[in-house]
Amino acid sequence: YSFCTLLAPQKKIMSSNPCIGLVSDIQYSPTAEPSREYKETLDRLDRAITTWRENHTTKILNLGDTIEGEEEGRSASEAALCEVLDRFHGMETTWHVIGNHCLKKMERKTLEKKLSWNGDSSTPLGDGWSLYTVDTTKMSVIEEGVMTQETIDFLKRNPLGSEPQMLTYNGGVTQSQLDNLEKYLNAAGAKSVVIATHHPVLLPHRGHTHRAWNHADILSLIQKYKNKVHTVLSGHYHEGSYLEEAGVHFLVLPAMLSCVEENSFATATFTVDKTTQDRIVTITGHGTAVEDMVLRGRV
């Protein structure tokens, strides 16, 4: 790729630059079938956290679907979620993006409290970088018996099944969320912004069934502020993908649940090339599912 350079394996991360651990679609469950597949994710997460600690990475971005959501009842889902969240204790910061599986058996208010989610928000990463986390389940049909009026109106205009992404396991963002994101980007100044979502905004054709419902609206806004947005990080699409559009990088992290061998997680390091002033996100993949790459841009 013109903006993406693969690296030779380099697994020890020793840097004074801002860095965060990346993981997606852990989908732990003590009861879902096949039980071994869903239970093993806790061991994989333990190994990931051990690696991050060894590399002095103390900030983690979890891109959603922390649990499978097939447990018997809400209390069982809450207990499964707590088992996973306990693994992150001791980390300086963990950002948990809301995924569709987490809402299957859990009330949104309960989930938001457990994930310390207070709505879409921004966080400075240091050295001219910032992270903006977005909830792509705010419009959805995932929560049992719960649909906002905005979701109902959206589905009247865009019925389920009318487009590849209009499926029950996807979701979208509200107009208020789009407005708030635009306000933030408009005021971001010289910062390079990394946006985090669960449902991807841009995917290759084979993944179109996993995009956010109103991905085109989100993409249009990102393209409007392509001089501010450097990278969009997402989960949900288990095989993962990378695309570049108008200088913005769209990286979907492969699912920890679905890795065939070893593990699937990564570390992202944020730097500025002092000679060219390029902003660079270096992705160091751990396990066999995530490739090492450099995402370079002028933003």
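These legends walk through one overview and six close-up views of a predicted model.

Residues are numbered from 1 along each chain as its sequence is written, and since this is a predicted model, local features need pLDDT of at least 70 and side-chain atom pairs count only at pLDDT 80 or more. Totals for chains, interfaces and linings use all residues, while side-chain values use heavy atoms, with hydrogens and water left out.

**Overview. The whole protein has 6 helices and 13 strands.** Helices (H or I, at least four residues) and strands (E, at least two) are DSSP runs, numbered from the N terminus. The C-alpha trace spans about 55 × 40 × 35 Å along its principal axes. A compact globule of 299 residues would have a radius of gyration near 19 Å, and the 18 Å found here agrees with that; the radius is taken over C-alpha atoms, and the globule rule is 2.2 Å times the number of residues to the power 0.38. Of the 299 residues, 56% count as buried, where buried means under 20% relative accessible area, exposed over 50%, and partly exposed in between (1.4 Å probe, protein chains only). The protein exposes about 12800 Å², with carbon and sulfur atoms supplying 50% of it; these areas come from the Shrake-Rupley method with a 1.4 Å probe, and for residues only the protein chains shown count as cover. Take the contacts (heavy atoms within 4.5 Å) between residues at least 6 apart in sequence: 72% of them join residues at least 24 apart.

**Close-up 1. Six strands make an open, mixed sheet, in the order E5-E6-E7-E8-E10-E9.** At the edges sit strand E5 (121-126) and strand E9 (241-245), each pairing on one side only. Neighbouring strands here are turned by 20° against each other on average, direction ignored. Two strands pair if DSSP finds at least two bridges between them. Look at strand E6 (residues 129-133) and E7: they run parallel and are joined by 5 bridges, and Leu131 has Val194 as its bridge partner in E7.

**Close-up 2. Helices H5 and H6 both meet the sheet.** Helix H5 (residues 175-186) lies across E5, E6, E7 and strand E8 (229-234), running at about 175° to E6. H6 packs on the sheet too, touching E7, E8, E9 and strand E10 (248-252), and its direction makes about 140° with that of E10. For these angles, axes are lines fitted to C-alpha atoms, for helices over the stretch in contact, and values run from 0 to 180 degrees between N-to-C directions.

**Close-up 3. E9 and E10 form a hairpin with 2 residues between the strands.** The two strands run antiparallel, with 5 bridges joining them. Glu244 stands opposite His249 in E10. In this hairpin, Ala246 takes a positive phi near 55°. Most residues other than glycine have a negative phi.

**Close-up 4. Asp25 and Gln27 share the loop between E2 and H1.** That loop runs between strand E2 (19-23) and helix H1 (35-54). Asp25 has a phi near 50°, a positive value in a residue other than glycine, and Gln27, not a glycine either, has a positive phi of about 50°. As for burial, Asp25 has a relative accessible area of 0% and is therefore buried; Gln27 is buried as well, at 2%.

**Close-up 5. Ala48 is tucked into helix H1 as a buried residue.** Its relative accessible area is 0%. Leaving out residues up to four places away in sequence, Ala48 touches Met256, Asn263 and Phe265. Ala48 and Gly287 are 239 residues apart in sequence, yet 9.2 Å apart in space, C-alpha to C-alpha.

**Close-up 6. Two loop residues, His210 and Asp292, make side-chain polar contacts.** A polar contact is a pair of N or O atoms within 3.5 Å; within protein, one must be able to donate a hydrogen and the other to accept it, and residues adjacent in sequence count only if both atoms are side-chain atoms. His210 is in the loop between strand E7 (192-196) and helix H6 (215-224), and its side chain makes such a contact with the side chain of Thr209 (3.1 Å). Not counting residues up to four places away in sequence, His210 touches Tyr169, Asn170, His199, Pro200, Leu203, His236 and Tyr237. Asp292 is found in the loop between strand E12 (279-287) and strand E13 (293-297); with 8% relative accessibility, Asp292 counts as buried. The Asp292 side chain reaches the backbone nitrogen of Gly285 at 2.6 Å.
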